[in-house]
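The following questions and answers introduce a structure to a reader who has not met it before. Please keep the sequence and the model in view while reading.

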Amino acid sequence: MQTSTSAYRLAVLSDIHIDLESGGKNTYFIHAERNLRRALEVIRAYDCSLLISAGDQVTNATGAEEEWRRYRQILTESGYTGQVLEAMGNHESRYAQYGGCTIEDCRREFVRFTRLAEKPVLRPKDAGDGTAYYAYLDDHFGDAFLFLALENGCNTNQIDNFSDEQMDWAEELLARYTREGRRIFLIQHAPLYGDGVGDNRGEPAYEGSIRLSDAKGRVFKNNRRFHRLTRQYPEMIRLSGHTHVDFRDKVNYRRNGCHRLHIPSLAGSTRLTKRDGKPTLDRTFYGDAAQGYLAEVEEARVIFRGIDFLHRRFYPEFTYTIERKQNHLY
């Protein structure tokens, strides 16, 4: 199946979670490697020119270096030759939580093992080996892909997840690309708490989502700046994962400010349930599906088709078409 001159194909994954803790108490994702290999087989057959991963490539309970090496090995052995672009999720910095390294070490590791410095991406002029956010401009329609990083630690719901420098950079690029009339994809790992897709609006189910303030009233300034960006650009397509919520729980798309699309986990889905009458996650990671999207990107629209890569089965009911309109800067 060949990509036509009027479109290109895009694979969208999240929460790959290569997990090498070898049966320890924190090992959840025993099918992660199998699922990634299966997904890459399908992605090759579908002739995707670009593969996007929205974060948590590794699980990182006892150090991520060997997990990163296995991730790279699987990519190489797959024979996939398209561009692979990853966002930094919270698990990329998880080992720092246990004192095994620093968060700066984790950022450098992300840059090293994603080979970010070798890719045709746009990074800040003063980007160092720990700068994990970047942009990519495709050469088909000139679409802009911005990859933001959870750069400050693993506990997403308890911290300000973005630096001043990252938000300055994101605000400047979004304004510029909007003026240039580009279609914009914003890839960032975690949803905003109670804000919609992947985290039930009004009755949020996932407590690990990004907060605007904590229980003591401490304001997270840059989380709020990020939240404003999702409102400021209504034609932007925002892709996130993090919650692992299965397609079948129907928290996949919402138009709330921008277009928001949730990506279930490739490694293992979890399902919504109720506790004390409130929606929550059951915290079991089911290995009966490996979910993501295959997308057809046309000049006038993007069609995201939900797929179970493990069984090579599309979900027609979880197909989302986003029509392209002219960007406007507000």
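**Hairpin, sheets and helix contacts**

Q: In the hairpin of E10 and E11, which residue takes a positive phi near 55°?
A: This is a predicted model. The hairpin of E10 and E11 has 2 residues between its strands. The residue there with a positive phi near 55° is Asp276.

Q: In which sense do strand E10 and strand E11 pair, and over how many bridges?
A: Strand E10 covers residues 272-275 and strand E11 covers residues 278-281. Across the pair, Thr273 stands opposite Thr280 in E11. The sense is antiparallel, and the number of bridges is 4.

Q: Which strands are the edge strands of the open sheet with the order E3-E2-E1-E12-E13-E14?
A: This open sheet has 6 strands with mixed pairing. An edge strand pairs on one side only. The edge strands are strand E3 (83-86) and strand E14 (313-323).

Q: By what angle are neighbouring strands of this sheet turned against each other on average?
A: The sheet in question has the order E3-E2-E1-E12-E13-E14. With direction ignored, the average turn between its neighbouring strands is 20°.

Q: What is the bridge partner of Val297 in E13?
A: Strand E12 spans residues 291-298 and strand E13 spans residues 301-308. They pair in the antiparallel sense over 7 bridges. In E13, the partner of Val297 is Val302.

Q: At about what angle does helix H1 run to E1?
A: Helix H1 is formed by residues 32-45. It lies across strand E1 (7-13), strand E2 (50-53), E12 and E13. Its angle to E1 is about 175°.

Q: Which strands are the edge strands of the open sheet with the order E4-E5-E6-E7-E9-E8?
A: This open sheet is formed by 6 strands, and its pairing is mixed. Each edge strand pairs on one side only. They are strand E4 (134-137) and strand E8 (253-256).

Q: What does the twist average from one strand to the next in the sheet E4-E5-E6-E7-E9-E8?
A: The order of this open sheet is E4-E5-E6-E7-E9-E8. From one strand to the next, its twist averages 20°.

Q: Which residue in E5 is the bridge partner of Tyr136?
A: E4 pairs with strand E5 (residues 144-147) in the antiparallel sense, over 4 bridges. The partner of Tyr136 in E5 is Phe145.

Q: Which strands does helix H5 touch where it packs on the sheet?
A: Helix H5 comprises residues 164-179. Its direction makes about 170° with that of E5. The strands touched are E4, E5 and strand E6 (184-187).

Q: About what angle does the direction of helix H6 make with that of E9?
A: Helix H6 (residues 221-232) also packs on the sheet. It touches E6, strand E7 (237-240), E8 and strand E9 (258-262). The angle with E9 is about 115°.

Q: Are H5 and H6 roughly parallel or roughly antiparallel to each other?
A: The axes of H5 and H6 come within 10 Å and cross at roughly 15°. Angles under 35 degrees count as roughly parallel. H5 and H6 are therefore roughly parallel.

Q: Is the crossing of H5 and H6 left-handed or right-handed?
A: The contact is made by residues including Met167 and Leu174 of H5 and Phe226 and Leu229 of H6. By class, this contact has 5 nonpolar, 1 polar and 5 charged residues. The crossing in which H5 passes H6 is left-handed.

Q: With which residue does Arg176 form a salt bridge?
A: The closest N and O atoms of this salt bridge are 2.9 Å apart. Both partners lie in helix H5, 4 residues apart, about one turn of the helix. The partner of Arg176 is Glu172.

Q: How many charged residues does the contact of H2 with H4 have?
A: Helix H2 (residues 65-78) and helix H4 (residues 103-113) pack at about 15°, their axes 11 Å apart; H2 and H4 are therefore roughly parallel to each other. Glu65, Trp68, Arg69 and Arg72 in H2 meet Glu109, Phe110, Arg112 and Phe113 in H4. The residues of this contact divide into 3 nonpolar and no polar, and the charged ones number 5.

Q: In what handedness of crossing does H1 pass H2, right-handed or left-handed?
A: The axes of H1 and H2 come within 10 Å and cross at roughly 30°. The two helices are therefore roughly parallel to each other. H1 passes H2 in a crossing that is right-handed.

Notes. Residues numbered from 1 in each chain as written. Predicted model: local features only at pLDDT ≥ 70, side-chain atom pairs only at ≥ 80, totals over all residues. Heavy atoms only, no water. Pairing = 2+ DSSP bridges. Axes fitted to C-alpha atoms, helices over the stretch in contact; angles between N-to-C directions. Contact = heavy atoms within 4.5 Å. Parallel < 35°, antiparallel > 145°, perpendicular 65-115°, else oblique. Nonpolar A, V, L, I, M, F, W, Y, C, P; charged D, E, K, R; others polar. Salt bridge = Lys/Arg side-chain N within 4 Å of Asp/Glu carboxyl O. Left-handed = near helix turned anticlockwise from the far one by under 90°.
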